[in-house]
Structures are given as structure tokens and as C-alpha cells.
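Okay, thanks for coming, everyone. I'd like to walk you through one structure today, starting on the inside and finishing on the surface. Let me put it on the screen.

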Amino acid sequence: MMKLLPKTAALALLALASLSAHADNPFELVENKPISELWLNPGFYSYHYQRDKGLNDSNPGFGAEYRYSTVLSATAGRFYNSDREYSNYLGVYYQPVALGPVRIGAAVGGFNGYPKMRDGGWFPAVVPVLSFDYQRVGVNLSIVPSYKDRLYGAISIQLKLKAF
């Protein structure tokens, strides 16, 4: 089974959550409140860790993120992936920790379209994500782990615009 979240990232998220209990640190737990926001994005830009593989860094596409609470949002989309194939994704962002205006958490969901991973079929993934939104623009920064020779890790940046 695919290692869904690197041990260091999992430990970092746990450390951030436990630190937030102390008043003298900059991290805080976000109060879960209902909201209704729709964000649209044109895909990703990915900087791959394995620069010698000739991977596609530009990942245009179309996606949507519906933020229905201050800590949860649903996301879905399609993009041209690192292996130069089309991928679809469907998932949920869970971001219960904040560092000032930056929300910290993970995206949990599924992807397809990577030819070396389950022959292009769907597979589960957990990806650490930092998000920053300002009025009608925002950015998601994802730390994508590598998995053997099937998936190539990257730092991915996703710009987004608020529709409502």
C-alpha cells in the first residue's frame, strides 16, 4: 500500500497541533464555523524534487474548492500531470491549525491518470497543504511525497480566485 503521508510530515502536523495549546506560541487551533465560499483554480505549478526525470512542471487544468467551514473544504478538478497525462482529483482539505493568516493541514482524497500508479487508475493520497487567502485571491502550497518510481514528489503551487 502506498505510504500516504511521510513520517516527518505527520510528526510536524502533530507537533503543530500540540504546540497550539500553549498561549505563547504563534500556532492556533482554528474554530470550526460554517462558511460558504467557492474558489476556482487554473491547475498547478510543480517543482519536482527529481529534476533529472524530465517531468512536466506546468500542470494546467481546472479545479474548484468549496469551503463550507473554516477548517474543511471539498475539492475536485482535472489537470495535465507530471507524466504528461490528464489526471482527475477529488478530496477534502482539513486545515485545523493556523500560523497567522496561513492555514495548515492536509488534503485527503483520490487521484488518477498516473500511468505507473495502478495503471492510471484511482489511488488514495494524503498531501500536506498550506493555504493563504486574501479577499478574492488565494494560494495553496502542497508538499507532494514521492512514491517509489510510480509518483514523483514536488512542491506544488495552486493559485485560486474566489467566485463567491
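So, first thing to ask: does K160 count as buried or exposed? Before I answer, bear in mind that what you're looking at is a predicted model. K160 comes out at 4% relative accessibility, so it counts as buried; the cut-off for that word is under 20% relative accessible area.

Okay, a lysine in there, so who is its partner? The side chain of K160 meets that of D133 in a salt bridge, 3.2 Å from N to O. That pair links distant parts of the chain, with D133 in strand β7 and K160 in strand β9, 27 residues apart.

Now stay on D133, because there's another salt bridge there, this time with R103, where the closest N and O atoms are 2.9 Å apart. D133 sits in β7, residues 123-134, and R103 in β6, residues 102-111, so this pair ties together parts that are 30 residues apart in sequence. And both D133 and R103 are buried.

Next pair: E65 and R67. They form a salt bridge too, and here the closest N and O atoms are 3.4 Å apart. Buried or exposed, then, for R67? Its relative accessibility is 2%, so R67 counts as buried. E65 has 3%, so that one counts as buried as well.

Here's where it comes together. E65, R67, R103, D133 and K160 are linked in a network of salt bridges. If you're wondering how many salt bridges the structure holds, the number is 7.

Right, let's go out to the surface. Which residues make the nonpolar patch there? You've got three tyrosines, Y45, Y47 and Y49, together with I143, I155, I157 and L159, and the patch covers about 650 Å².

Where do those residues come from? Two strands, β2 (34-48) and β9 (154-162), each supply at least two of them. The largest share is from β9, with 3 residues. You've met β9 already, by the way: that's the strand K160 is in.

Let me pick out one patch residue, Y45, which is found in strand β2. Its relative accessibility is 42%, so Y45 counts as partly exposed. Put that beside K160, at 4% and counted as buried.

So, to take away: a salt-bridge network of E65, R67, R103, D133 and K160, and a nonpolar surface patch of about 650 Å². Okay, over to you.

Notes: Residues are numbered from 1 along each chain as its sequence is written. This is a predicted model: local features need pLDDT of at least 70, side-chain atom pairs count only at pLDDT 80 or more; totals for chains, interfaces and linings use all residues. Side-chain values use heavy atoms; hydrogens and water are left out. Patches are made of residues with over 30% relative accessible area and no salt bridge: like charges are joined within 9 Å, nonpolar side chains (Val, Leu, Ile, Met, Phe, Trp, Tyr) within 5 Å. Accessible areas come from the Shrake-Rupley method with a 1.4 Å probe; for residues, only the protein chains shown count as cover. A salt bridge is a side-chain nitrogen of Lys or Arg within 4 Å of a carboxyl oxygen of Asp or Glu. Helices (H or I, at least four residues) and strands (E, at least two) are DSSP runs, numbered from the N terminus. Buried means under 20% relative accessible area, exposed over 50%, partly exposed in between (1.4 Å probe, protein chains only).
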